[in-house]
Each structure stands twice: as C-alpha cells, then as structure tokens.
Amino acid sequence: MREFSSTDILFIVTAVRWTLILSAIAFAGGAIGGLLVALSRTARNPVLRQAATGFIRVFQGTPLLMQLFLVYFGLAVVGLPIDPLLAAAVALTLHASAYLGEIWRGAIEAVPAGQNEAATALALGYRDRMRHVILPQAMRIATAPTVGFLVQLIKGTSLASIIGFTELTRAGQIINNATFQPFLVFGTVAALYFVLCWPLSLLARHMETRMRRALTR
C-alpha cells in the first residue's frame, strides 16, 4: 500500500482518452446502426419492421453489462477469443444502435405527414423523400435527445472495466488496489466523468429549449 500521488492522478487522467475513444467508436457505429433501425421501423415492409422491433426489444430489455459479458465471454466459449476493446466496442455499438434507432424513429414520425405527402406529390421516390425532405427535419428534432444519449453512453463505457478494458473506471480500480484510498481515487474518477458529461448535458438542455421555443412560434 502506498500514498495516492500526482503520478496516480496522471494515470487516471490519461485513461480518459480510452473512454473517449470507446465512446466515439460506439457512437459512430451506433449512428449507422441506429439509422438502419429507424428506417426499418418506419418502413412499409412488415418483415423489416418486425426485425427492427425485435432488435430493439432485445437490446433495450437486457442490461448492458450482460451484453458485454455475452460478447466477450460468449465468443471465447465458441473458440473466438476477442480483445476487450473490440468486445466493448461491439456491445456498446449494438446497445447504441437500439437506443438511437428508437430516438430517430420517433423523430421521423414527428415530421408532419403533410411533408411526406407533398414530397410524394412531387413524384419523389422513397430514397429522395427520406434524403431531402424527411431526414433533414427529423435530425433537427432528434439532435437534443441524441446528445443526451451520448452522455449516457459515455457513462456506460465504465462497464467495460468488468471485462478488463482499461478506461477511466478501470484505471481508478487499479490505482485504488494499490493505494486503498477509494474516496480520493473514485472522487477523482467521478470528477473527470463530470467534466466530460456536464457540458454535453448543458448542450442537450439548451437544444431542447431552442426546439421548444421554435415549436411554440
């Protein structure tokens, strides 16, 4: 056992980059998957709708921790050992795809039906209607809740410590095991999460306020 020092603080701060990298990978992958899920949920094809609904129910209805375990340990059981970063990225991407897909599905359905009807009257196909008319309006509606979900995703990366990935929380655990000063160690970790998430929370709140004001005009 030793004292908690500036070197330990530096080690914890350095681990922030892995939290940000994992969050960026999961959010980028989740954005692609979420768009596919949202389009499937609003499609006319019942098979696509049912498949997207089932995907959302599975990943919203099970804990993220269990999803991490299944990806990391499940693949190892069938003879496919996987790197902790890759396992965490895959699990968080699937998790983000389900939530972003539902957020964006709601935004697409919030666009007035008259917009779709007008685009159809102009002989625009499905792809052009979505690309030029529906999605641009839906993205404006979805921006605030999307930023809000990003805050939750950043905090959710802390669960990757369970499978041995050394992000911010795991770095705190390593230092705490060496110093046995949990208040100082995890107080530092909590402060860093606050620094990462608080500005995004303010941004999401500001966007929601602007959107509310725009809708009441």
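This passage describes the nonpolar core, two buried polar residues and a surface patch in a predicted model.

A good place to start is the interior. The largest nonpolar core holds 44 residues, and those touching the most other members are Ile12, Leu22, Ile108, Leu153 and Leu168. Two or more residues of this core come from each of helix H2 (16-41), H4, H5, helix H7 (126-156), helix H8 (168-179) and helix H9 (182-216). The top contributor is H7, which supplies 11 residues. Leu153 shows how such contacts look from a single side chain: leaving aside residues up to four places away in sequence, leucine 153 touches Ser23, Ala26, Phe27, Leu92 and Ala96.

Serine 97 belongs to helix H5. This serine counts as buried because its relative accessibility is 5%, under the 20% cut-off. Its contacts beyond four places in sequence include four glycines, Gly29, Gly30, Gly33 and Gly34, together with Val37 and Phe55.

Tyrosine 193, in helix H9, is likewise worth a visit. With a relative accessibility of 12%, tyrosine 193 counts as buried. Beyond four places in sequence, tyrosine 193 touches Thr19, Ile154, Lys155, Thr157, Ser158, Glu167, Leu168 and Thr169. With threonine 169 there is also a side-chain polar contact of 2.8 Å. Arginine 17 is 176 residues away from tyrosine 193 in sequence, yet their C-alpha atoms lie 12 Å apart.

On the surface, Leu75, Val77, Val78 and Leu80 make up a nonpolar patch whose accessible area together is about 390 Å². Of these, leucine 80 sits in the loop between helix H4 (64-77) and helix H5 (84-110).

Methods. Residues are numbered from 1 along each chain as its sequence is written. This is a predicted model: local features need pLDDT of at least 70, side-chain atom pairs count only at pLDDT 80 or more; totals for chains, interfaces and linings use all residues. Side-chain values use heavy atoms; hydrogens and water are left out. Patches are made of residues with over 30% relative accessible area and no salt bridge: like charges are joined within 9 Å, nonpolar side chains (Val, Leu, Ile, Met, Phe, Trp, Tyr) within 5 Å. Accessible areas come from the Shrake-Rupley method with a 1.4 Å probe; for residues, only the protein chains shown count as cover. A salt bridge is a side-chain nitrogen of Lys or Arg within 4 Å of a carboxyl oxygen of Asp or Glu. Helices (H or I, at least four residues) and strands (E, at least two) are DSSP runs, numbered from the N terminus. A nonpolar core is a set of buried Ala, Val, Leu, Ile, Met, Phe, Trp, Tyr and Cys residues joined through side-chain atoms within 4.5 Å. Buried means under 20% relative accessible area, exposed over 50%, partly exposed in between (1.4 Å probe, protein chains only). Contact means heavy atoms within 4.5 Å. A polar contact is a pair of N or O atoms within 3.5 Å; within protein, one must be able to donate a hydrogen and the other to accept it, and residues adjacent in sequence count only if both atoms are side-chain atoms.
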